[in-house]
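Visitor: I would like to go through this model with you. I will ask what stands behind each label.

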Amino acid sequence: MANRHLSRSIAMQALYEWDFWRKDPAKLEEIVNRNIQEFGPGLEGSRFVWQLIDGVIKHLAKLDKIIEKSAPEWPIEQITIIDRNILRIGLYELLFGKREEAPPKVAINEAIELAKTFGGESSGRFINGVLGTVYREIGEPGKEE
């Protein structure tokens, strides 16, 4: 399980850098590979890192719209780059990820942990609030009300 947490961390750092460089598609592969090499020595494969990054990029417009709806007082460009990309990863896993690999509560908790590690003082609460709002809205499949 530590490999998946490390993979999320590497994906977040790569997406942060990619976002910082104005989402230049030409830089993405180099950024991801460098981050895997630098932060993931001993990581058993990079499939999950790429799965997260590819998924976030594929669904970027949808994810950003959901963030804007769930945090209307925070326009997407005013959310810190770290928090914005943690939200994107968390939402991707929550909405499009394989639930058997990362149930919704695991996806949310992992995003909160990333926020506590890499974000600011209130990042954990902010990430929890946004992802919690989305989770309550979509409900938990298979769980009766």
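Guide: What follows is a set of questions and answers on a predicted model.

Visitor: Why is Trp21 called partly exposed?
Guide: Its relative accessible area is 43%. Partly exposed runs between 20% and 50%, so the label fits. Trp21 sits in the loop between helix H1 (2–20) and helix H2 (25–39).

Visitor: Which residues share a nonpolar surface patch with Trp21?
Guide: Tyr16 and Phe20 do. Together, Tyr16, Phe20 and Trp21 have about 310 Å² of accessible area. A patch takes residues with over 30% relative accessible area. Trp21, at 43%, passes that cut-off.

Visitor: What else is in that loop?
Guide: Arg22 is found in the loop between H1 and H2, and Lys23 has its place there too. Arg22 has a positive phi of about 60° although it is not a glycine. For Lys23, also a residue other than glycine, phi is positive and near 55°.

Visitor: Why does Arg22 count as exposed?
Guide: Exposed means over 50% relative accessible area. Arg22 is at 76%, so it counts as exposed.

Visitor: What makes Lys23 partly exposed?
Guide: Lys23 has a relative accessible area of 31%. That value falls between the limits of 20% and 50%, so partly exposed is the right term.

Visitor: How do you know that Lys23 and Asp19 form a salt bridge?
Guide: The rule asks for a side-chain nitrogen of Lys or Arg within 4 Å of a carboxyl oxygen of Asp or Glu. For Lys23 and Asp19 the N to O distance is 3.8 Å, so the pair qualifies. Side chains of opposite charge can pair when their charged atoms come close.

Visitor: Which other residue forms a salt bridge with Asp19?
Guide: Arg84 does, with the closest N and O atoms 2.9 Å apart. This pair links distant parts of the chain: Arg84 lies in helix H5 and Asp19 in helix H1, 65 residues apart. Asp19, Lys23, Asp64, Arg84 and Arg88 are linked in a network of salt bridges.

Visitor: Why are Asp19 and Arg84 called buried?
Guide: Buried means under 20% relative accessible area. Asp19 is at 8%, so it is buried. Arg84 is at 9%, so it is buried as well.

Visitor: How many salt bridges does the rule give?
Guide: The count comes to eleven. One of them joins the side chains of Arg8 and Glu93, at 2.7 Å from N to O. Arg8 lies in helix H1 and Glu93 in helix H5 (residues 81–95), so the pair ties together parts that are 85 residues apart in sequence. Both Arg8 and Glu93 are buried.

Visitor: How many cavities of 30 Å³ or more does a search of the whole structure find?
Guide: The search finds two. The largest has a volume of about 70 Å³. The second largest has about 30 Å³.

Visitor: What lines the largest cavity?
Guide: Its lining includes Arg4, Phe48, Tyr92 and Glu93. Helix H3 (47–58) and H5 each give two or more residues. H3 gives the most, with three. The lining divides into four nonpolar, two polar and four charged residues.

Visitor: And what lines the second largest cavity?
Guide: Arg8 and Glu93 are among the lining residues, as are Ile86, Ala107 and Leu114. H5 and helix H6 (104–118) give two or more residues each. The lining divides into five nonpolar, one polar and three charged residues.

How values were computed. Residues numbered from 1 in each chain as written. Predicted model: local features only at pLDDT ≥ 70, side-chain atom pairs only at ≥ 80, totals over all residues. Heavy atoms only, no water. Patch = residues over 30% accessible without salt bridge, like charges linked within 9 Å, V, L, I, M, F, W, Y side chains within 5 Å. Areas by Shrake-Rupley, 256 points an atom, 1.4 Å probe, with all protein chains shown as cover. Helix = DSSP H or I, 4+ residues; strand = E, 2+ residues; numbered from the N terminus. Buried < 20%, exposed > 50% of the residue type's maximum accessible area, 1.4 Å probe, protein only. 1 Å grid on protein atoms, 1.4 Å probe; cavity = no way out; pocket = protein on both sides within 12 Å on 5 of 7 lines; lining within 4 Å. Points joined across faces, edges and corners; volume = space filled by probe spheres on them. Nonpolar A, V, L, I, M, F, W, Y, C, P; charged D, E, K, R; others polar.
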